[in-house]
Amino acid sequence: MRRLLSGWAALVVFATIVSPAVSSPHPGRRHVALDVYVLILGAVGLAIMVRATRAASPDVHEPTLEDELDDPLDALPERPAELKRLEREVYLSLGSGFYLHNRLRPMLREVASNRLLLRHGIDIDRRPEAAEAILGQPAWSWLRPDREEPRDRWAQGPPVSELRAIVDALERI
């Protein structure tokens, strides 16, 4: 620190000596030389204060790479877009049986079809009796291939408990 102060002191002494030497050949411009001298003194003083402040608390002003990396616990994870879309489909299906039949039911049927085929070797369209036996009646009533589209487009969708029973049946497969 002393070495640093001696360097700043040398700069102030140099400016003090050079300022009169520069202003003497141009007597009408001494105010400009004085302005430059005051600016140099202010810059040196500011630099000294910045160094002193930094020395007082080095951990605040010099973050490490680990500090700069995002802490995974600070930010909530972004929900996957597919999950957001599926939640929207479920919400809209609860409000409209037509929406359930045309939007959510095909997704549920695809899940059921894949699970039945992979885990039991049953094609939901070719062996509907076997699929019904595994799914159970409540889920099969919604997922069967010959289910008719609701006549009233604005009719209320199924209750949450019924949709939950379908999801539970799919999870049991």
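This briefing describes the fold, nonpolar core and largest pocket of one protein chain. The model is predicted. The chain contains 9 helices and 0 strands, and 22% of its 173 residues count as buried.

**Overall fold and surface**
- From the N terminus on, the order of elements is α-α-α-α-α-α-α-α-α.
- Of the contacts between residues at least 6 apart in sequence, 57% join residues at least 24 apart.
- The exposed area of the protein chain is about 12,900 Å², of which carbon and sulfur atoms supply 60%.

**Largest nonpolar core**
- This core has 20 residues, and those touching the most other members are L108, L116, I124, L135, L143, I166 and L170.
- Two or more residues come from each of α6 (97-120), α7 (128-135), α8 (137-143) and α9 (160-172).
- The element that gives the most to this core is α6, with 6 residues.
- Beyond its neighbours within four places in sequence, L116 is in contact with G121, I122, I124, A131, I134, L135 and I173.

**Largest pocket**
- The largest pocket holds about 330 Å³ of space.
- Its lining comprises 15 residues, and L86, L108, V111, V167 and L170 are the closest to the pocket centre.
- The elements α5 (81-95), α6 and α9 each give two or more residues to the lining of this pocket.
- By class, 11 of the lining residues are nonpolar and 4 are charged, with no polar residues.

**Core and pocket together**
- L108 and L170 are among the core residues that touch the most other members, and L108 and L170 are also among the lining residues closest to the centre of the largest pocket.
- Helices α6 and α9 are among the elements that give two or more residues to the core, and α6 and α9 likewise give two or more to the pocket lining.

Definitions and conventions
Residues numbered from 1 in each chain as written. Predicted model: local features only at pLDDT ≥ 70, side-chain atom pairs only at ≥ 80, totals over all residues. Heavy atoms only, no water. Core = buried A, V, L, I, M, F, W, Y, C linked by side-chain atoms within 4.5 Å. Buried < 20%, exposed > 50% of the residue type's maximum accessible area, 1.4 Å probe, protein only. Helix = DSSP H or I, 4+ residues; strand = E, 2+ residues; numbered from the N terminus. Contact = heavy atoms within 4.5 Å. Areas by Shrake-Rupley, 256 points an atom, 1.4 Å probe, with all protein chains shown as cover. 1 Å grid on protein atoms, 1.4 Å probe; cavity = no way out; pocket = protein on both sides within 12 Å on 5 of 7 lines; lining within 4 Å. Points joined across faces, edges and corners; volume = space filled by probe spheres on them. Nonpolar A, V, L, I, M, F, W, Y, C, P; charged D, E, K, R; others polar.
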